[in-house]
Amino acid sequence: MNINFTLISQAIAFSVFIWFTVRFVWPPLLRAIEERQKTIADGLAAGERGRHELELASQRSSTVLKEAKQQAAEIILQAEKRASEIIEEAKKAAKEESGRIVAGAKAEIEHEVFSAKETLRYQVAELAVAGAAKILRREVDSKVHADLLSAIQEDLK
Amino acid sequence: MASEIELTPSSYIDHHLTYLTAQIREGSFWVLHVDTLVTSVILGMLSLGFIWLVVRKATSGVPSKTQAFVELAVDFIDKEVKNIFHGNRHTLVAPMALTVFVWILMMNTMDILPIDITAKILENVFGLHNWKIVPTTDINTTFALALSVWILMLFFNVKVKGLGGWLHELFCTPFGKSPAVWILNLLFNFIEYVSKPLSHSLRLFGNIYAGEVIFLLLGMWAATGISGTVFGAILGAGWAIFHILVVTLQAFIFMMLTVVYIAMAHESH
């Protein structure tokens, strides 16, 4: 247990080892650790940013959804209004059309009535002529008396 | 063991506590403990070289298991240093703490190797008689480390505070600026500066040396027969397990004191 030259040799070894660590061991490892810390910090920040953006997006989507719902409701309302308008218009058109049809029918009926009357008159005139002929007991030459007959017919009309 | 020597307890212990020496010059100081120096340098090169090899390929991405282990150790030391030392620790203090911790831990751990088996291997395979494998049981090692730290401490005292500032501190702390207590202050600081390297080195030396001696005493149970050998082996295993704690704790304490002393040199009172 005596102090001797070993002390100096050990001190030299110690200084060499310290120099070695300071020069070669510490800096690269420190750099690697610091870089990794930076990467992790960046990653965490990016994650935080992503979370924030997600929150914003969900907020935005909910407002968009709300607007869309509102618009849909408006559209439905307008459509209902339009539908009732269309129905009203259709009703009006139908009424007009029916009126027209009725008027046409009436005119036709009148025309039919008129032509029926005409036919009847004609037939009545013929019957009257025939009757007159029977009464006169003589042949009325329709060819000879055509103008007379037509005059009678004309009167009967 | 050399069979020509009579095997007594004291010869056994003496044998294991003898250094392999080389006489460099005349005089009792110029003796070199070759075993201490070579073992400690090999251990330092192995441990720091291992860390260096890992660090050389260090990535800032996902680390390998080895790199993660090294980083864990380095980060642990870096945190301890950061708590104590408030200057730029990366230029010297933190790497120095790493060196001290790793190197002393390696040297202390040699204590756990079975002493007779390693002695046998060293003697029969390498032909080395009297090779002490635990460098920290050599007071020269612990003093070398503590004195290096002490010199760094003085250097930083002067560098940070200036020679005048340091002298001022020597005379005016801890009791005050009054000239009446100058001598007392100086005496106080002198005792502090002497006791620091002494306690620093002797704490490590004492713990590891005592551990070594206890291993030797437990080893002597083998002289009493089979049952004694078993008993000694069980006790030795227990002591070795306990010693894992001591070995690590002493390396850690030495490192912490190194950092504390250098940090104190940086701080004005």
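Me: Hi! What pattern does chain B follow along the sequence?
Reply: Reading along chain B of this predicted model, you meet α-β-β-α-α-α-α-α-α-α.

Me: And how many helices and strands does chain B have?
Reply: Chain B has eight helices and two strands.

Me: What box do the C-alpha atoms of chain B fill?
Reply: Taken along the principal axes, that box is roughly 70 × 55 × 40 Å.

Me: What percentage of chain B's residues count as buried?
Reply: The figure is 33% of the 269 residues in chain B.

Me: Take contacts in chain B between residues at least 6 apart in sequence. What percentage join residues at least 24 apart?
Reply: For chain B, 66% of those contacts do.

Me: Switching to chain A: where does helix 1 run, and how many residues has it?
Reply: Helix 1 of chain A covers residues 5-136, which is 132 residues. From its first C-alpha to its last it reaches 188 Å, close to the 196 Å expected at 1.5 Å a residue.

Me: Where is the kink in that helix centred?
Reply: Look at T21(A): the kink in helix 1 of chain A is centred there, with an angle of about 40°.

Me: How many of the 132 residues in helix 1 of chain A are buried?
Reply: The count is 13, and the helix is hardly covered.

Me: Last topic: how many residues of each chain are in contact with the other?
Reply: On chain A there are 29, and they are in contact with 41 residues of chain B.

Me: Which classes make up chain A's side of that?
Reply: The side of chain A touching chain B has 19 nonpolar residues, along with eight polar and two charged ones.

Notes: Residues numbered from 1 in each chain as written. Chains lettered and ligands numbered in written order. Predicted model: local features only at pLDDT ≥ 70, side-chain atom pairs only at ≥ 80, totals over all residues. Helix = DSSP H or I, 4+ residues; strand = E, 2+ residues; numbered from the N terminus. Buried ≥ 20, exposed ≤ 12 C-beta atoms within 10 Å, placed from the backbone. Contact = placed C-beta atoms within 7 Å. Nonpolar A, V, L, I, M, F, W, Y, C, P; charged D, E, K, R; others polar. Expected span 1.5 Å × (residues − 1). Bend = angle between axes of the 7 residues up to and from the residue.
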